[in-house]
Each structure stands twice: as structure tokens, then as C-alpha cells.
Amino acid sequence: MSLGARLQSKSTEFQKLQGDLAVLVEKRSRLDTQLSENEMVKKEFANLTPNNTVFKLVGPVLVPQDQTEARTNVETRLEFIRSEMKRVDTQIKDMEEQLEKKKLELVDLQSQLPAPSGTVSS
């Protein structure tokens, strides 16, 4: 494979990794939003009295839900979101390391390219 073809191939791989990283960063951002929303719900539960009714949205209908069950669901969701965030953070770190490696490979290949001829000297 020629030097130019290898350079093109590595460049394409690098761009794909950048796209994959962007997807992971977007996923992390969504998880961050979900975490904030669920933490707000948890804080609201602290203000409830046993007489308050909690509703759950099921399709277009609000259905009464047991407070204890609702609290448990939110806690479970928070645990899940936090574990997903850790998993995505690890994936982002790995992807950044792969990107750095590909970047170094690209720089190495570019340094092997012959200098353009016809340079004008002053």
C-alpha cells in the first residue's frame, strides 16, 4: 500500500473515531441531564407528607402510585444512571487514548511524505 493510501486510510479511521467520541460525549450529556432531573425528583420527595399522592405518567394518563414504590424507583434509576455514567466515562477515556494514538500515527505518516517541490526561495 502506498504512503498516500495509508495516510488516507489512517485519516478515515481517525475521523470515524472522532465521530464515535462525539456520540459518547452526547450520551454522557444526556445521562448528566437525567441524573439532575432524578435528583430533583428525589429532593421533592423529601417535601412530601404521607397524605400526599404521587402520580406516575403512563402514556397520556396520570396514575396514582405508592410513595414508597416511587421513591424506590427513583433511587434505582439514580443508581443505574450513575453506573452508566461511569461506563461511558471509561469508554470516552479509552476513545480519547485511541484518538491520540491515531493522531500520532497520522503525524508520523505525514512526516514521511516528501516535501512539495517547486518551493520559492527568497
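## A nonpolar surface patch

Phe 55, Leu 57 and Leu 62 together make a nonpolar patch of about 340 Å² on the surface. The model described in this report is predicted. One of the patch residues, Leu 57, belongs to strand S1, which covers residues 54-58. Leu 57 has a relative accessible area of 59% and is therefore exposed, since the cut-off for an exposed residue is over 50%.

## Two packed helices

Two packed helices are described by the angle between their axes and the distance between the axes. Here, helix H1 spans residues 3-46 and helix H2 spans residues 67-112. Their axes lie 8 Å apart, and the helices pack at an angle of about 160°. H1 is therefore roughly antiparallel to H2, because angles over 145 degrees count as roughly antiparallel. The crossing in which H1 passes H2 is left-handed.

Met 85 is a residue of helix H2. Its relative accessibility is 8%, so Met 85 counts as buried; the limit for a buried residue is under 20%. Met 85 and Ser 29 are separated by 56 residues in sequence, and their C-alpha atoms are 9.3 Å apart in space.

## Salt bridges between the helices

Side chains of opposite charge can pair when their charged atoms come close. The structure holds 11 salt bridges. One of them joins Lys 10 and Glu 105, with 3.1 Å between the closest N and O atoms. This pair links distant parts of the chain, as Lys 10 is in helix H1 and Glu 105 is in helix H2, 95 residues apart. Lys 10 is partly exposed at a relative accessible area of 24%, and Glu 105 is partly exposed at 23% relative accessibility.

Another salt bridge is formed by the side chains of Glu 39 and Arg 82, at 3.1 Å from N to O. Glu 39 lies in helix H1 and Arg 82 in helix H2, so this pair ties together parts that are 43 residues apart in sequence. Glu 39 is partly exposed, with a relative accessible area of 29%, and Arg 82 counts as partly exposed at 37% relative accessibility.

A further salt bridge brings together the side chains of Glu 75 and Lys 42, at 3.0 Å from N to O. Glu 75 in helix H2 and Lys 42 in helix H1 are 33 residues apart, and the pair links distant parts of the chain. Both residues are partly exposed: Glu 75 has a relative accessibility of 30%, and Lys 42 has a relative accessible area of 38%.

## A shared network

Lys 10, Glu 13, Lys 102 and Glu 105 are joined into one network by salt bridges that share partners.

Note on methods. Residues are numbered from 1 along each chain as its sequence is written. This is a predicted model: local features need pLDDT of at least 70, side-chain atom pairs count only at pLDDT 80 or more; totals for chains, interfaces and linings use all residues. Side-chain values use heavy atoms; hydrogens and water are left out. Patches are made of residues with over 30% relative accessible area and no salt bridge: like charges are joined within 9 Å, nonpolar side chains (Val, Leu, Ile, Met, Phe, Trp, Tyr) within 5 Å. Accessible areas come from the Shrake-Rupley method with a 1.4 Å probe; for residues, only the protein chains shown count as cover. A salt bridge is a side-chain nitrogen of Lys or Arg within 4 Å of a carboxyl oxygen of Asp or Glu. Helices (H or I, at least four residues) and strands (E, at least two) are DSSP runs, numbered from the N terminus. Buried means under 20% relative accessible area, exposed over 50%, partly exposed in between (1.4 Å probe, protein chains only). Axes are lines fitted to C-alpha atoms, for helices over the stretch in contact, and angles run from 0 to 180 degrees between N-to-C directions. Angles under 35 degrees count as roughly parallel, over 145 as roughly antiparallel, 65 to 115 as roughly perpendicular and the rest as oblique. A crossing is left-handed if the near helix is turned anticlockwise from the far one by less than a right angle, and right-handed if clockwise.
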